[in-house]
Amino acid sequence: MLSIKQPVERKKLSETIEEELERAIRQGELQEGDALPSERELMKAFGVGRPSVRDALSGLARKGLVKISSGERTRV
């Protein structure tokens with residue numbers, strides 16, 4: 001019988017994107033005041049749809065890592 005120690009963790013695409021962007025911010029690849037790429041650029045870079053990108057950015061905003069302003073690029 002196969003012995004399984006942990007269940008496989010399933011993540012939403014937005015969680016994976018959020019973690020990757022948070023890592024870039026915390027490691028200094030993205031500095032305070034920097035503009036993030038546009039939603040369209042993030043969609044292309046991660047190979048996902050707009051809802052996944054928006055969910056990820058909302059998660060980062062809730063953590064206080066980015067500021068989302070209507071009509072402007074999201075900033076760290």
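Is S14 buried or exposed? Select S14 and check its surface. S14 is buried, since its relative accessible area is 8% and the cut-off for buried is under 20%. Keep in mind that this is a predicted model.

**Stop 1: S14 and its contacts**

Stay on S14, which sits in helix α1. Show the residues around S14. Beyond its neighbours within four places in sequence, S14 is in contact with S52, D55 and A56.

**Stop 2: helix α1 from end to end**

Now select residues 13-26. This is helix α1, with 14 residues. Take the distance between the C-alpha atoms at its two ends: they lie 20 Å apart. At 1.5 Å a residue the helix should span 20 Å, so the model agrees with the expected span.

Next, colour the buried residues of α1. They are S14, I17, E18, L21, E22, A24 and I25. Look down the axis. The buried residues cover an arc of only 160°, which puts them on the same side of α1. What do they pack against? Show residues 39-46 and 50-62: the buried residues of α1 pack against α2 and α3, respectively.

**Stop 3: where α1 meets α3**

Keep α1 and α3 on screen. Their axes come within 8 Å and cross at roughly 50°. That angle makes α1 oblique to α3. The crossing of α1 past α3 is right-handed. To see the contact itself, show side chains on both helices. From α1, select L13, S14, I17, E18, L21 and E22. From α3, select S52, V53, D55, A56, L57, G59 and L60.

**Stop 4: leaving α1**

Move to G28, just after α1. Check its backbone: G28 takes a positive phi of about 85°.

Then select E29. This residue is in the loop between α1 and α2. How exposed is E29? E29 has a relative accessible area of 49%, so E29 counts as partly exposed. Setting aside neighbours within four places in sequence, E29 is in contact with R23, A24 and D34.

**Stop 5: α2 against α3**

Bring α2 and α3 to the front. The axes of α2 and α3 come within 9 Å and cross at roughly 110°. This makes α2 roughly perpendicular to α3. Which residues meet here? On the α2 side, select E39, R40, L42 and M43. On the α3 side, select R50, V53, R54 and L57.

**Stop 6: K44**

Stay on α2 and select K44, a residue of that helix. K44 counts as exposed because its relative accessibility is 74%, and the cut-off for exposed is over 50%. Now draw a distance from K44 back to A24. These two residues are 20 apart along the chain, and their C-alpha atoms are separated by 17 Å.

**Stop 7: T74**

Finish at T74, in the segment after α3. Is T74 buried or exposed? Its relative accessibility is 11%, so T74 counts as buried. Show what surrounds T74, leaving out residues up to four places away in sequence. T74 touches D34, A35, L36, L57, V66, K67 and I68. Keep L57 selected for a last look: L57 of α3 is also one of the residues in contact with α1, and L57 is among those that meet α2.

How values were computed
Residues are numbered from 1 along each chain as its sequence is written. This is a predicted model: local features need pLDDT of at least 70, side-chain atom pairs count only at pLDDT 80 or more; totals for chains, interfaces and linings use all residues. Side-chain values use heavy atoms; hydrogens and water are left out. Helices (H or I, at least four residues) and strands (E, at least two) are DSSP runs, numbered from the N terminus. The expected span of a helix is 1.5 Å times one less than its number of residues. Buried means under 20% relative accessible area, exposed over 50%, partly exposed in between (1.4 Å probe, protein chains only). The arc is that of the directions from the helix axis to the C-beta atoms. Contact means heavy atoms within 4.5 Å. Axes are lines fitted to C-alpha atoms, for helices over the stretch in contact, and angles run from 0 to 180 degrees between N-to-C directions. Angles under 35 degrees count as roughly parallel, over 145 as roughly antiparallel, 65 to 115 as roughly perpendicular and the rest as oblique. A crossing is left-handed if the near helix is turned anticlockwise from the far one by less than a right angle, and right-handed if clockwise.
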